[in-house]
Amino acid sequence: MVLSNAASGSDGSIHSTFASRYVRTSLPRFKMPDDSIPKEAAWQIINDELMLDGNPRLNLASFVTTWMEPECDKLIMASINKNYVDMDEYPVTTELQNRCVNMIAHLFNAPLGEKDTAVGVGTVGSSEAIMLAGLAFKRRWQNKMKAAGKPYDKPNIVTGANVQVCWEKFARYFEVELKEVKLSEGYYVMDPTKAVEMVDENTICVAAILGSTLNGEFEDVKLLNDLLVKKNKETGWDTPIHVDAASGGFIAPFLYPDLEWDFRLPLVKSINVSGHKYGLVYAGIGWCIWRNKEDLPEELIFHINYLGADQPTFTLNFSKGSSQVIAQYYQLIRLGFEGYKNIMENCQENADVLKEGLEKSGRFNIVSKAKGVPLVAFSLKDNSAHTEFEISEYLRRFGWIVPAYTMPPDAQHVTVLRVVIREDFSRTLAERLVDDIMKVLHELDAIPARVTAKLTANEDSNEAKLVKKTAIEVQREITTAWKKFVQNRKKTSGVC
């Protein structure tokens with residue numbers, strides 16, 4: 001569902017430019033036109049409007065892949081008309097999904113024997129994957145509480161306040177209390193000690209984030225596991241862990257292979273990862289992997305026999321495109337471990353270039369950590385005169401989309417800018433971005449002097465009370481209002 005606003009400042013019509021070669025009549029903006037128009041006109045009208053969208057490669061707010069090889073683009077276009085759910089008609093696509101599940105499960109060190117097959121599923125994105133994992137935890141907890149003759153109507157999940165908004169959606173949609181560990185200045189991820197203290201008998205799982213949306217930092221899943229093992233032993237509970245590795249799942253195995261965060265830890269029962277982030281596939285693919293069959297309740301699985309044999313399925317969506325699954329398989333076999341490792345190392349090196357350039361300016365504090373997602377989160381050392389929101393707004397004039405946002409509770413007084421380094425963000429672009437940020441700072445530094453000079457000149461001519469606000473002054477007021485709006489929100493929802 002899209003919440004839309006049909007209000008418009010124009011006459012409510014769409015007017016053609018070059019399309020006037022084919023059609024002269026304007027089209028209604030919010031109603032289906034009565035008559036058909038030539039295909040050339042429809043293409044030109046839409047193409048003209050889309051020119052005003054941002055450049056995806058300069059959208060540094062998003063973790064989502066914006067470039068793939070032409071060969072993979074061809075595979076995507078060749079399969080774009082395949083409905084993945086038609087497993088009987090497209091059995092090869094189903095087989096490719098199963099191969100992807102097993103490859104990712106091995107990457108995450110699932111305890112699989114030579115003849116074992118992994119338990120997992122392809123999803124539209126990590127949001128659906130998290131919904132599925134959450135439902136599995138909820139059902140397992142409910143079954144356990146019913147068997148013990150205990151109430152099972154008040155489940156909860158323990159997370160950090162830095163979780164992505166899809167966790168809030170799951171909690172609200174499926175009636176699970178979300179118990180959030182508050183953040184603090186300088187520590188912008190979930191504190192494992194505080195998280196375990198919040199666990200009770202009704203906790204269906206603790207959700208750890210491998211790659212926080214806010215600053216890219218990996219949470220300490222190993223410490224969380226050890227503390228939770230101890231608490232489970234003391235209480236007799238068996239509270240498990242889910243790892244939201246949407247961003248970090250395709251980074252940690254290649255950059256930090258010795259980091260224990262995955263199925264090597266006994267309490268990690270399920271992991272989600274976004275294929276459309278550092279899995280290097282266009283938007284529309286995620287994965288959920290379970291440790292073993294016992295962690296996915298059988299009653300949540302639907303069985304179909306379209307292929308003449310039992311085919312289990314567990315998804316929220318039914319119809320969906322096959323192309324992203326095929327694209328993920330292409331990347332996995334095309335790049336292999338070596339290729340992914342090279343790309344992630346290059347992303348990290350480019351992040352270091354950007355970080356060093358910002359530090360050299362002496363104007364910023366770096367909020368992101370050395371170990372984590374290859375991004376740079378930074379804030380002004382002194383924002384008394386100008387804010388991070390103004391820098392974000394001014395950078396748009398150079399084509400850059402760099403988000404500014406406030407941290408969640410209890411660090412909402414901290415404002416940061418964040419640049420996500422993807423495969424298509426080169427060292428040259430990193431250096432250019434630093435140059436453009438310096439230009440913005442220089443321009444912002446000069447604003448107070450110009451405004452003061454103008455007011456002084458007008459006061460000398462006794463016209464001060466007639467002075468109209470300059471465009472810059474108006475822009476600053478808008479930026480201030482936007483900052484207040486963001487600060488009044490409950491938390492930052494981040495990017496999926």
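Before I begin, one term: two strands are said to pair if DSSP finds at least two bridges between them, and that is the sense in which I will speak of pairing. What we have here is a predicted model, and I would like to walk through two of its sheets and the helices around them.

Let me start with strand 6, where Ala-208 stands opposite Val-243 in strand 7. Between strand 6 and strand 7 the pairing is parallel, over 4 bridges, and the chain gets from strand 6 to strand 7 by way of helix 7, residues 221-235, in a β-α-β crossover that is right-handed. Helix 7 itself lies across strand 6, strand 7 and strand 8, and runs at about 170° to strand 7.

Strand 6 also has a partner in strand 4, again in the parallel sense, with 3 bridges between them, and here Val-158 has Val-206 of strand 6 as its bridge partner. How many residues of strand 6 are buried? The count is 7 of the 7, so strand 6 is largely enclosed by the rest of the structure.

If we now move from strand 7 to strand 8, residues 268-274, we find parallel pairing once more, over 4 bridges, and Val-243, which we have already met opposite Ala-208, has Ile-271 of strand 8 as its bridge partner.

Stepping back to the whole sheet, 7 strands form an open arrangement in the order 3-9-8-7-6-4-5, and the pairing is mixed. At the edges are strand 3, residues 119-123, and strand 5, each of which pairs on one side only. On average, neighbouring strands of this sheet are turned by 20° against each other, if direction is ignored.

Two further helices belong in this picture. Helix 3 lies across strand 3, strand 8 and strand 9, at about 60° to strand 9, and Thr-93 is one of the residues of helix 3, which spans 91-107. Is Thr-93 buried or exposed? Its relative accessibility is 3%, and because buried means under 20%, Thr-93 counts as buried. Apart from neighbours within four places in sequence, Thr-93 is in contact with Lys-82, Tyr-84, Ser-322, Val-325 and Ile-326.

The other is helix 5, residues 165-173, whose buried residues are Cys-166, Trp-167, Glu-168, Phe-170 and Ala-171. What covers these buried residues includes helix 4 along with strand 4, strand 5, strand 6 and strand 7. At the start of helix 5, a side-chain oxygen of Gln-164 comes to within 2.9 Å of the backbone nitrogen of Cys-166, while after the helix comes Glu-175, with a positive phi near 55°.

Let me turn, finally, to the other sheet, in which 4 strands form an open arrangement in the order 12-13-15-14, with antiparallel pairing. Its edge strands are strand 12, residues 364-366, and strand 14, residues 404-406, each pairing on one side only, and its neighbouring strands are turned by 35° against each other on average, direction ignored. Strand 12 is joined to strand 13, residues 375-380, by 3 bridges, the two running antiparallel, and within that pairing Phe-364 has Leu-380 of strand 13 as its bridge partner. Helix 9, residues 323-361, packs on this sheet and touches strand 12, strand 13 and strand 15, its direction making about 15° with that of strand 13.

Note on methods: Residues are numbered from 1 along each chain as its sequence is written. This is a predicted model: local features need pLDDT of at least 70, side-chain atom pairs count only at pLDDT 80 or more; totals for chains, interfaces and linings use all residues. Side-chain values use heavy atoms; hydrogens and water are left out. Buried means under 20% relative accessible area, exposed over 50%, partly exposed in between (1.4 Å probe, protein chains only). Contact means heavy atoms within 4.5 Å. A polar contact is a pair of N or O atoms within 3.5 Å; within protein, one must be able to donate a hydrogen and the other to accept it, and residues adjacent in sequence count only if both atoms are side-chain atoms. A crossover is right-handed if, with the strands pointing away from the viewer, the path from the first strand over the helix to the second runs clockwise. Axes are lines fitted to C-alpha atoms, for helices over the stretch in contact, and angles run from 0 to 180 degrees between N-to-C directions.
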